[in-house]
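Got the viewer open? Let's take a walk past the aromatic rings, one selection at a time.

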Amino acid sequence: DGRRRIVLAYINIGEAEDYRSYWQKSWSTKRPEWLGASNEHWKGDHRVRHWHPDWRAIVFGSARSLTAKLIRSGFDGAYLDRVDVYQFWCAERPSAFDDMVDFVTDLSAWAKAQKPGFLVLPQNGEELLQSERYRAAIDGLGKEDLLFGDRGNDTANYDTRVERSLELLAY
């Protein structure tokens, strides 16, 4: 109908993807210290230590960052994937939850300073909604596989899992 639409850009902030423009071939043999194990479920995806300054610099904070590039491209906001990667790192780094809260709140503040009204919408990681700072930094949330998907696309999720997600989404 010709009305203006909100257009978001996808950024995976919890995994580095070897098919993205920022990927350096040398990382396959000489891994940066922020680059973790490959995700066995998604070919080409590698978990990242999201608290590491070098990974954060790839995602936001400078004119060369992914977020700066999408702002210059005219996007209204970012859809942040894999904010839930903090769960993978909890044994190695007990502060992984708080580190993800810091990552998203810092990204949001930086992006909104560059472009007032910039939208930040994470996907999943609804446990992070327990943080007031996190809730204040985001503009919405996408929830994947709420009712189906944990045990296959055609199998309903356990009621307790759905109830817990709904409880967290109500924050």
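Start by selecting Trp55 and showing its surroundings: with 0% relative accessibility, Trp55 counts as buried (under 20% relative accessible area is buried, over 50% exposed and in between partly exposed, with a 1.4 Å probe and protein chains only). Keep in mind that this is a predicted model, where local features need pLDDT of at least 70, side-chain atom pairs need pLDDT 80 or more, and totals for chains, interfaces and linings use all residues. Residues are numbered from 1 along each chain as its sequence is written, and side-chain values use heavy atoms, leaving out hydrogens and water.

Next, select Phe60 and Phe103. Their ring centres are 5.6 Å apart and the planes sit at 80°, so this pair is edge-to-face (rings of Phe, Tyr and Trp, the last by its six-membered ring, pair if their centres lie within 6.5 Å; planes under 30 degrees apart are stacked, over 60 edge-to-face, the rest tilted). Phe60 is in the loop between helix 1 and helix 2 (66-72), while Phe103 belongs to helix 4 (residues 96-114), so the pair ties together parts 43 residues apart in sequence (helices are DSSP runs of H or I, at least four residues, numbered from the N terminus). Both Phe60 and Phe103 are buried.

Now go back to Trp55 and add Tyr22, Trp23, Trp27 and Trp34: together they form one aromatic cluster. Trp34, at 3% relative accessibility, counts as buried.

Last stop: charges over rings (NZ of Lys or CZ of Arg within 6 Å of the ring centre and within 35 degrees of the ring normal). Pick Arg47, whose charged end sits over the ring of Phe88, 4.2 Å from its centre. Then try Arg151: its charged end sits over the Tyr158 ring, 3.8 Å from the centre.

How values were computed. Helices (H or I, at least four residues) and strands (E, at least two) are DSSP runs, numbered from the N terminus.
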